[in-house]
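Colleague: I would like to go through this protein with you. Could we begin with the surroundings of the ligand?

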Amino acid sequence: MQSAQTSFENLRKDFPILKRTVRENKTLVYLDNASTTQKPNQVIDAINDYYRNHNANIHRAVYALAEEATELYENSREKIANFINVKDKTEIIFVRGTTEAINLVAYAWGRDHIKEGDIIVTTEYEHHSNIVPWQLLTQEKGAKLEYIGMDDNGELTLDDLDKYLATGKVKLVTFSLMSNVLGTISDADTIISKCKAAGVLTLVDGAQAVPHMKVDIEKLGCDFFAFSGHKMLGPTGIGILWAKKSVLETMSPFHGGGDMIREVHKYETTWNDLPYKFEAGTPNIADVVGFGAAIDYLSNIGMTAIRQHEIELTSYAIEKLSQVKGLHIYGTKDISKRGGVISFNFADVHPHDVAQIIDEEGIAIRSGHHCAQVLMERLNVAATSRASFYIYNTREEIDKLINSLNKVARIFKL
Ligand SMILES: Cc1ncc(COP(=O)(O)O)c(C=O)c1O
């Protein structure tokens, strides 16, 4: 593990895309990491090496290549289990990403366990992927979907949770550990302990948290946990659902097909052991291997150092952004309660115009509803601009962002 003094700037050499220029020969400044992160050579090379030297289907054949591919695939599962402190790696299920993980739970757990009149609780700052699957499920079952609200600081109002739990009808509470728009870090300990006391299961969306801070599943104490590889230097199309074995064992399969079965007869089938019961068909082997390389890369730096780097960058960015004329920052300014995601708006300027003007300088930020329209309604806006940071971002890049935002302010005479 490297120290907090790690020269994060040194890491930039590992990311070939950061050497690119865009538009009129402008150096790329990539500040859309909440959406997806760039990939280091180590991840690109691992995928390349897999296809060049080890490609075969897994779990199925006894020849050398198949054994190598299976070993690489299963090694990644072990690395990921260690990374989030899961003792039993059969609880780690490979899925396409956070979205698929949540849909898996809504389908394979929800259809057996949710009935008419039950309540599922989510929050006002969820990504659509932690809202829509629950709408589909509750509508199908005649159950209800309720929301924990949010105060003007962007923090969840947990009195709402108490109110819903008191009905005795709540079957599942789900929330993101870090908001993809406001960067708010949820008070997971309080939410989970309240749910445990009420005998209610919890699902944590870790898509924005796992890439940026140490997450310890055992300590967290939730029942389901979901995250995506591509937001933490890994490839797209691969992610994780973790759930307690005791819960996974009560669930029906999600997809039917090869590898998830023990025996198939004409009219009945028995299921394979965990985790394979939930990994039907040929999985995304190469990207699992790439994900393992991303885990190695992050582990070498250390998640504590990564969080510290982002605290420094985010504090600096909030201070500088606060000085830009006409600019409003959403969410808490208490850095201990937020990650490196900053949403903002200029008085009347549409976020798309902001993003377009600063794109001319080679700066990539996101504008839009960020797949969080319920939150946009709560904030009473159609869209925001969003800058989000990762390990390779620097203060100089934030200075460039500020300069081009000042240009926007001048153009629109703010
Ligand atoms: C908090 C949160 N949850 C879920 C998702 C969906 O992740 P994916 O598109 O990788 O499935 C995202 C993606 O932005 C997110 O930020």
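Modeller: In this predicted model, the shell around the ligand is made up of 11 polar, 2 nonpolar and 1 charged residues.

Colleague: Which residues are the closest to the ligand?

Modeller: The closest are Gly97, Thr99, Asn180, Ala207 and Ser228, out of 14 residues that surround the ligand.

Colleague: Turning to the nonpolar core, how many residues does the largest one have?

Modeller: The largest nonpolar core has 117 residues. Val105, Ile240 and Leu241 have the most contacts inside this core.

Colleague: Which helix gives the largest share of this core?

Modeller: Helix 9, residues 285-301, gives the largest share, with 10 residues.

Colleague: And where does the core lie with respect to the domains?

Modeller: The core lies between domain 1 (8-39 + 302-411) and domain 2 (45-299), because both give residues to it.

Colleague: Back to Val105: what is it in contact with, leaving aside its neighbours within four places in sequence?

Modeller: Val105 is then in contact with Gly110, Leu203, Phe224 and Leu241.

Colleague: Now for the whole protein: how many helices and strands are there?

Modeller: The protein has 13 helices and 17 strands. Its radius of gyration is 22 Å, close to the 22 Å that the globule rule gives for 414 residues, so the protein is as compact as a globular protein of that length.

Colleague: What share of the residues count as buried?

Modeller: Of the 414 residues, 46% count as buried. As for contacts between residues at least 6 apart in sequence, 71% join residues at least 24 apart.

Methods
Residues are numbered from 1 along each chain as its sequence is written. This is a predicted model: local features need pLDDT of at least 70, side-chain atom pairs count only at pLDDT 80 or more; totals for chains, interfaces and linings use all residues. Helices (H or I, at least four residues) and strands (E, at least two) are DSSP runs, numbered from the N terminus. The radius of gyration is taken over C-alpha atoms; the globule rule is 2.2 Å times the number of residues to the power 0.38. A residue is buried if 20 or more other C-beta atoms lie within 10 Å of its own, exposed if 12 or fewer, and partly exposed in between; C-beta atoms are placed from the backbone. Two residues are in contact if their C-beta atoms, placed from the backbone, lie within 7 Å. A residue is near a molecule or strand if its C-beta atom, placed from the backbone, lies within 6 Å of it. Ala, Val, Leu, Ile, Met, Phe, Trp, Tyr, Cys and Pro count as nonpolar, Asp, Glu, Lys and Arg as charged, and the others, Gly among them, as polar. A nonpolar core is a set of buried Ala, Val, Leu, Ile, Met, Phe, Trp, Tyr and Cys residues joined through C-beta atoms within 7 Å. Domain bounds come from an automatic or database domain assignment.
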